[in-house]
Amino acid sequence: MSEKASLKQIYGEVQEAEELMSMNELGMDFGYVLYEAAISADVEENKLELENVRDFAAVYVDDRLVGKLTDENKSISFKTTLGEHRLKLYAENIGRITYGPEILDNSKGLFGKALLNGTVIDNWKMTPLEVRDCQVDELQFSACEETATPGFYRGTFQQEAPGEVHLDISAWGMGEVWVNGQYAGSYWSESTQQSVPVSASALREGKNQIVIFELKSIGTQVVRLSDTPIFK
């Protein structure tokens, strides 16, 4: 995966507000939203707490991945230098609630209070990321010089004979996959299945192109092919 495309190419309409807004309030039924705010750290050991996380958020401070938030774990601790920093939360709506006490409130994304060391974080900038609606063939890629931030990665692989293959994404974090411009599926490192199937009809004899949207950006740039599905 030798090339990378910036997420700025798929930014939706930016909205700003004092408090976090849910995906529903931003006019999104599914997908991803980037939540940004300026924070000030007066200690090196910091604690970030959110009131509502539906369903997942990768946490970046100054474009450095420091952890994740989920509906079951709404706080994380991280170290940073004293002073001003930029907090970015990349949130994904994994699915609708179909059972339990929250079934009557199907709000998604991040909403309610956000606290840093007990102090409310305000003045949020929220940007929908039109990941699944984008045409990956129209994205502008350049040589991949860094893998620390979320983005689209592009590479190629050879297919000598027609037939279904499984993309081994066990070394990746969380995201979506396209092969030859066709959407192939999503992946998550915490799921049982660690591969994305690609049907024979989506493949070409010879060189094939793969594009991956990676949210957690854990540094890997390698995808392996397998004849069979891969599970944990």
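Select Asn46 to begin with, and then add Phe78: in this predicted model, Asn46 sits opposite Phe78 of strand β7. Now widen the selection to the two strands around that pair. Strand β4 covers residues 45-54, and β7 runs antiparallel to β4, with five bridges joining them.

Stay on β7 and show the side chains of residues 75-79. Which of them are buried? Ile76 and Phe78 are, and both point to one face. Ser75, Ser77 and Lys79 point to the other face and are not buried. That's the pattern to look for in any regular strand, where side chains alternate between the two faces of the sheet.

Next stop: Ser22. Look for Ser22 in the loop between β2 (15-17) and β3 (31-41). Is Ser22 buried or exposed? Ser22 counts as buried because its relative accessibility is 3%, and the cut-off for buried is under 20%. To see what surrounds Ser22, select Tyr35, Ser107, Lys108, Leu110 and Phe111; Ser22 touches each of these, leaving aside residues up to four places away in sequence.

Now zoom out and color by domain. Give one color to residues 19-122, which make up domain 1, and another to 142-226, which make up domain 2. Their centres, taken over C-alpha atoms, are 27 Å apart.

Turn the view so you can look at where the two domains meet. On the domain 1 side, 10 residues are in contact with 13 residues of domain 2. Together the domains bury about 990 Å² between them, and carbon and sulfur atoms give 67% of that area. Which residues of domain 1 lose the most area to domain 2? Pick Tyr32, Phe56 and Tyr60: together they account for 45% of what the domain 1 side buries.

While you're here, switch to the polar side of the boundary. There are four residue pairs in polar contact between the domains, counting pairs with both residues at pLDDT 80 or more. The salt bridge count between domain 1 and domain 2 is one. Select Lys68 and Glu190 to see a salt bridge whose closest N and O atoms are 1.8 Å apart.

Last, show the strands on the domain 1 side that touches domain 2. β5 (56-61), β6 (64-70) and β8 (83-93) each supply at least two residues to that side. Which one gives the most? Highlight β5, which gives three residues.

Key: Residues numbered from 1 in each chain as written. Predicted model: local features only at pLDDT ≥ 70, side-chain atom pairs only at ≥ 80, totals over all residues. Heavy atoms only, no water. Buried < 20%, exposed > 50% of the residue type's maximum accessible area, 1.4 Å probe, protein only. Helix = DSSP H or I, 4+ residues; strand = E, 2+ residues; numbered from the N terminus. Pairing = 2+ DSSP bridges. Domains from an automatic or database assignment. Contact = heavy atoms within 4.5 Å. Buried area = accessible area lost by both parts, 1.4 Å probe. Salt bridge = Lys/Arg side-chain N within 4 Å of Asp/Glu carboxyl O. Polar contact = N/O pair within 3.5 Å; in protein donor to acceptor, adjacent residues only side chain to side chain.
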